[in-house]
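Welcome! Here is a short briefing to read with the structure open beside you. Take your time and look for each residue as it comes up.

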Amino acid sequence: MTVKQTIKRIIPIFVLKVLRKGKKRIADRRANYLQTKRFKRWFSRDDSTDKARVETRLAFDIHRLEKGLSHVDFRDGFGKGVLSEISKRMVLLEKVDPRFMENPLYLQGLAVLHEYQSRHKKDGYDLSEVESLFPVRIWNAAFEYQPGAPVNAGSFVMNALSKKDNLSKGFVELAEHRYSVREYSSEPVPQELLDKVYEVSMKTPSVCNRQATRVYQITDSERIMKALKIQGGFLGYAMPPVLLLVTSDIRAFMNNGERNEPFVDGGLFSMSLLYALEAYGLAACPLNAMFNLSQDRQTRELLDIPDYEFPVMYIAVGNFPESVPVCYSTRYEPEKIVTRI
Ligand SMILES: Cc1cc2nc3c(=O)[nH]c(=O)nc-3n(C[C@H](O)[C@H](O)[C@H](O)COP(=O)(O)O)c2cc1C
């Protein structure tokens with residue numbers, strides 16, 4: 001008789017079950033702990049100096065500047081704090097990347113700074129204070145940067161007319177021309193259109209077809225304003241006529257191994273919503289639901305979100321105004337992210 005068989009004979013079944021449960025609980029806690037630990041080991045900190053994490057911070061700040069440049073109501077002299085961060089990361093990138101002049105993020109930095117300089121020059125605004133935030137070489141390189149050569153960053157104006165025939169466009173064209181739009185016309189969004197958007201989004205795959213995603217459609221302007229005030233990532237824009245909150249029902253999951261799946265399935269559903277909104281000619285912008293405890297509590301109270309749901313993300317929705325500035329949000333080349341095994 002093996003040791004295992006002997007133990008099974010001596011220890012009653014119910015005790016074995018309790019022991020197994022305890023072992024599973026310890027393994028689950030360890031998995032949660034190690035996941036958090038791995039995240040903490042690798043996320044990009046303010047004082048990170050390696051290339052990948054400097055690039056993360058630079059991308060974040062370039063996008064913040066792009067958002068300022070894409071405001072309908074452009075404010076001369078905005079963003080000195082962001083500009084100082086961009087300068088700091090570009091200098092760091094020069095140190096850690098020997099080929100920084102080919103680095104897509106370094107070039108995006110030059111491109112976004114170029115737009116910042118030219119827009120202010122056009123307005124006759126004195127940029128000497130901003131100029132002093134940058135080493136002369138970077139400031140001058142941005143000045144000489146030819147937009148689009150080889151990368152773009154900053155903003156451009158999109159016209160509503162270009163969206164007129166979206167329903168008849170193929171997927172590639174639709175996907176290539178979708179941009180986050182943060183300012184909308186004042187017309188209300190027809191409910192029939194939103195219903196069509198939900199209908200097609202239901203085709204989103206989910207783990208074992210468990211369809212855990214839930215969508216809260218908010219059209220009450222007061223609640224939209226309160227929700228976005230708590231969210232904090234949409235400041236300075238007029239309120240959208242519709243705000244969707246995508247959540248995931250945790251009751252659709254079965255064990256700790258599935259703890260990240262609510263966000264995977266909710267993320268996939270959100271992308272379907274974004275493409276469906278684009279196809280039906282509606283403007284949209286995903287907005288994070290990375291709530292701290294206080295934001296989480298306040299949002300649950302405001303929108304009556306049950307305890308068994310995780311917020312995944314918001315999506316602001318509206319009609320395209322005749323024309324609207326949007327951010328380039330330039331993407332990497334696929335070769336940077338694809339590993340062929
Ligand atoms: C999960 C998620 C959260 C986002 N949160 C915000 C946000 O809080 N505020 C904002 O203005 N944009 C937000 N965005 C929009 C991104 O900035 C935008 O999708 C990105 O720059 C790519 O640009 P594109 O959507 O125009 O292709 C978010 C996007 C995603 C996917």
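In this model, an N or O atom in the side chain of R182 sits 2.7 Å from an oxygen atom of the ligand. Please keep in mind that the model is predicted. With that contact as a starting point, let us look at the ligand, then at some strands, and finally at one serine.

**Contacts with the ligand**

- R331 also brings a polar side-chain atom to an oxygen atom of the ligand, at 2.8 Å.
- For Q231, the distance from a polar side-chain atom to an oxygen atom of the ligand is 3.0 Å.
- How much of the ligand's accessible area does the protein cover? On its own the ligand has 610 Å² of accessible area, and the protein covers 75% of that.

**The shell around the ligand**

- Two elements give two or more residues each to this shell: helix 3 (51-69) and strand 4.
- Which of the elements gives the most? That is strand 4, with four residues.
- There are 15 residues around the ligand, and those that come nearest are H63, K67, S180, R182 and R331.
- Sorted by class, the shell holds six polar, five nonpolar and four charged residues.
- Domain 2 (51-157 + 327-337) and domain 3 (182-319) each supply at least three residues to the shell.

**Strand 5 and its partners**

- Strand 4, which you have just met at the ligand, covers residues 282-288 and pairs with strand 5 through seven bridges, in the antiparallel sense.
- To find this pairing on screen, look for P286, which stands opposite I315 in strand 5.
- Strand 3 (residues 242-249) is also joined to strand 5, by eight bridges, and these two strands run antiparallel.
- Here you can look for D249, which stands opposite E309 in strand 5.
- Is strand 5 mostly covered or mostly open? Strand 5 spans residues 309-319 and is mostly covered, with 10 of its 11 residues buried.
- A general point helps when you view any strand: if it is regular, its side chains alternate between the two faces of the sheet.

**A look at S323**

- You will find S323 in strand 6, which runs over residues 323-327.
- Why does S323 count as partly exposed? The reason is its relative accessibility of 38%, because partly exposed residues fall between the 20% limit for buried and the 50% limit for exposed.
- From C-alpha to C-alpha, S323 and H120 are 21 Å apart in space, and 203 residues separate them in sequence.

Key: Residues are numbered from 1 along each chain as its sequence is written. This is a predicted model: local features need pLDDT of at least 70, side-chain atom pairs count only at pLDDT 80 or more; totals for chains, interfaces and linings use all residues. Side-chain values use heavy atoms; hydrogens and water are left out. Buried means under 20% relative accessible area, exposed over 50%, partly exposed in between (1.4 Å probe, protein chains only). Two strands pair if DSSP finds at least two bridges between them. A residue is near a molecule or strand if one of its heavy atoms lies within 4 Å of it. A polar contact is a pair of N or O atoms within 3.5 Å; within protein, one must be able to donate a hydrogen and the other to accept it, and residues adjacent in sequence count only if both atoms are side-chain atoms. Accessible areas come from the Shrake-Rupley method with a 1.4 Å probe; for residues, only the protein chains shown count as cover. Ala, Val, Leu, Ile, Met, Phe, Trp, Tyr, Cys and Pro count as nonpolar, Asp, Glu, Lys and Arg as charged, and the others, Gly among them, as polar. Domain bounds come from an automatic or database domain assignment.
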